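Morning, everyone. I have one structure to walk through today. Let's put it on the screen.

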Amino acid sequence: MSDTEKNPAADNAAAAAAELEGVPESMKEGGEGEASQPENSDNRIEALETELAEAQQAVLYAQAETQNVRRRLEKDAQDARAYAATGFARDMLSVMDNMNRALEAIPSEVKDEEKWKGLIGGIEATGRELQSVFEKNGIKRVASVGLPLDPNQHQAMVEIPTGDEEPGTIVQEMQAGYVIKDRLLRPAFVGVAKKPE
């Protein structure tokens with residue numbers, strides 16, 4: 001009988017030992033780290049789950065912030081489109097005011113004269129066209145006379161003593177006010193009723 005035939009168990013043990021050479025003791029079956037391995041695994045899994053939850057929360061916050069930024073940019077773009085003509089519209093209000101003043105300044109006897117009818121009709125037609133352009137672009141006149149004073153749309157210039165209207169009611173409009181969409185372009189300059197003394 002040869003030496004290998006005499007003790008196969010010893011040969012197997014030696015081969016197994018050779019294979020396990022370089023493997024940490026904690027990973028060997030029956031090694032000293034075996035009892036602590038499940039505890040380390042549980043701690044590692046718990047730490048990874050915590051990291052995963054934090055990462056998921058960070059992703060949710062980032063998505064929410066991205067959505068908020070997108071909404072703000074969309075609103076800014078809508079406002080820019082809706083109110084792009086604000087400065088131009090304010091400038092055009094003075095043109096409308098001057099045209100109305102010119103029409104009011106024409107004496108009634110001149111209005112009836114045939115030689116002035118073409119000129120006056122042209123000014124009136126221009127005023128109507130300007131008003132039409134205002135309406136197409138969302139520019140509307142602020143209602144005032146007969147309404148209570150609204151500081152968001154009216155600016156009181158004078159108090160007028162009268163017993164015909166409740167105090168605080170607008171009885172005179174000195175200059176028309178206008179809004180573009182829902183924003184005030186210019187307040188109406190008004191006279192407000194007060195109790196007579």
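A word on terms: helices and strands here are DSSP runs, numbered from the N terminus, with at least four residues for a helix and at least two for a strand. And keep in mind that this is a predicted model.

With that, look just past helix α6. Gly138 sits right after α6 and takes a positive phi of about 75°.

Now α6 itself. How far apart are its end C-alpha atoms? They are 33 Å apart. The helix covers residues 114-136, which is 23 residues, and at 1.5 Å a residue the expected span is 33 Å, so the two agree.

Which residues of α6 are buried? Ile120, Gly127, Leu130 and Phe134. The cover over the buried residues of α6 includes two helices, α4 and α5, and two strands, β1 and β4.

Next, α4. This helix runs over residues 86-105, and Thr86 lies in it. Thr86 has a relative accessible area of 15%, so it counts as buried, the cut-off being under 20%. Beyond its sequence neighbours within four places, Thr86 is in contact with Ile180 and Leu185.

Last stop, a second threonine. Thr169 is in the loop between β2 and β3. Buried or exposed? Thr169 is buried, at 10% relative accessibility. Its side chain reaches the backbone oxygen of Glu166 at 2.9 Å. Setting aside residues up to four places away in sequence, Thr169 touches Gly146, Leu147 and Pro148, and also Gly191, Val192 and Ala193.

That's my tour. Over to you.

Definitions and conventions: Residues numbered from 1 in each chain as written. Predicted model: local features only at pLDDT ≥ 70, side-chain atom pairs only at ≥ 80, totals over all residues. Heavy atoms only, no water. Buried < 20%, exposed > 50% of the residue type's maximum accessible area, 1.4 Å probe, protein only. Contact = heavy atoms within 4.5 Å. Expected span 1.5 Å × (residues − 1). Polar contact = N/O pair within 3.5 Å; in protein donor to acceptor, adjacent residues only side chain to side chain.
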